[in-house]
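Here are a few notes to go with your first look at this one. Have the viewer open as you read, and pick out the residues as they come up.

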Amino acid sequence: MQFDHIVFDNDPAQYITPSWQDLDQLSFELAKQVIGSGEKFDLVVALAKGAWPMSRALVDYLAMSNLVSLGIRFYSGINQRLKEPEVYQDLPVKVKGKRILLFDDVADTGESLIFASDYLLEQGAALVKTATLFFKERSAITPDYYASRTNAWIIFPFEIREMSQLLSNNWRKQGLAESAINARLKKLNFNEKIMQYFAKIEK
């Protein structure tokens, strides 16, 4: 599944804006790959927090009931990278001897998937396979299953407030007027009423 890229003048980034319906379709495509592979898994481990929204759809399509979350932290603050990644939300179950499908929304650098895979194997998992909705070519790992390939900046529908603030601040630093920023946000399909609401409470 491919998406049209959105570009702006004097902005090196390219953007895609998958909808909830798009993400559901990607989850279905991912499930078809897993089912078609013939692999059987005991547990789906969703990486916090990007994998949370669509992990429920994925386990539904896979007819699996066992779903847990694992949280990994690489930074302690803005631009403050930890010497070693750390687990801030550990597994609520034992994984020894289990066959695990490790799920995330995107393989970007691939660091989270690599660290999490190693961690699960250290905990005694019998097998770990990786699955993501999106795969970026710069990733240090190619997921065993992925539904779409892109190198664009992905704006997910479950991070509207966070992403609108981040993009707006970046564009302000570049000297863009508020009218130009609002026009860009509109082109990226940000809901205008939602944007207005947060603009009011953040003043």
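The points below start with the nonpolar cores, go on to the salt bridges and end with a helix residue.

1. Before anything else, keep in mind that this is a predicted model.

2. Start inside. The largest nonpolar core has 29 residues, and the ones with the most contacts within that core are Leu 101, Phe 103, Leu 133 and Phe 134. At least two core residues come from each of α1 (20–37), β3 (43–48), α2 (52–61), β6 (99–107), β7 (127–135) and β8 (145–149). Helix α1 gives the largest share, five residues. As a rule, nonpolar side chains in soluble globular proteins tend to be buried together.

3. Try clicking on Leu 101. Leaving aside residues up to four places away in sequence, Leu 101 touches a long list of partners, including Val 34, Phe 41, Val 45, Leu 58, Leu 62, Ala 131 and Tyr 145. Lys 129 and Thr 130 are also among the residues that Leu 101 touches. Apart from the largest core there is another one, of 20 residues, with Leu 43, Leu 70, Val 128 and Ile 141 among them.

4. Now the charges. How many salt bridges does a search of the whole structure find? It finds nine. In general, side chains of opposite charge can pair when their charged atoms come close.

5. Glu 39 is a good one to zoom in on. Its side chain meets that of Arg 99 in a salt bridge, at 2.5 Å from N to O. Arg 99 is in strand β6 while Glu 39 is in the loop between α1 and β3, so this pair ties together parts that lie 60 residues apart in sequence. Glu 39 also forms a salt bridge with Lys 129, at 2.9 Å from N to O. Lys 129 belongs to strand β7, and that pair links parts of the chain 90 residues apart. Taken together, Glu 39, Arg 99 and Lys 129 are linked in a network of salt bridges.

6. Which member of that network is buried? Lys 129 is, because its relative accessible area of 18% is under the 20% cut-off. Arg 99, at 31%, counts as partly exposed, and so does Glu 39, at 23%.

7. Another salt bridge joins Arg 149 and Glu 137, with the closest N and O atoms 3.7 Å apart. Arg 149 sits in strand β8 and Glu 137 in the loop between β7 and β8, 12 residues apart. Arg 149 is partly exposed, at 37% relative accessibility.

8. Finally, look at Ala 180 in helix α5 (residues 178–187). Ala 180 is partly exposed, at 30% relative accessibility. From Glu 39, Ala 180 is 141 residues away in sequence and 49 Å away in space, C-alpha to C-alpha.

Methods:
Residues are numbered from 1 along each chain as its sequence is written. This is a predicted model: local features need pLDDT of at least 70, side-chain atom pairs count only at pLDDT 80 or more; totals for chains, interfaces and linings use all residues. Side-chain values use heavy atoms; hydrogens and water are left out. Helices (H or I, at least four residues) and strands (E, at least two) are DSSP runs, numbered from the N terminus. Buried means under 20% relative accessible area, exposed over 50%, partly exposed in between (1.4 Å probe, protein chains only). A nonpolar core is a set of buried Ala, Val, Leu, Ile, Met, Phe, Trp, Tyr and Cys residues joined through side-chain atoms within 4.5 Å. Contact means heavy atoms within 4.5 Å. A salt bridge is a side-chain nitrogen of Lys or Arg within 4 Å of a carboxyl oxygen of Asp or Glu.
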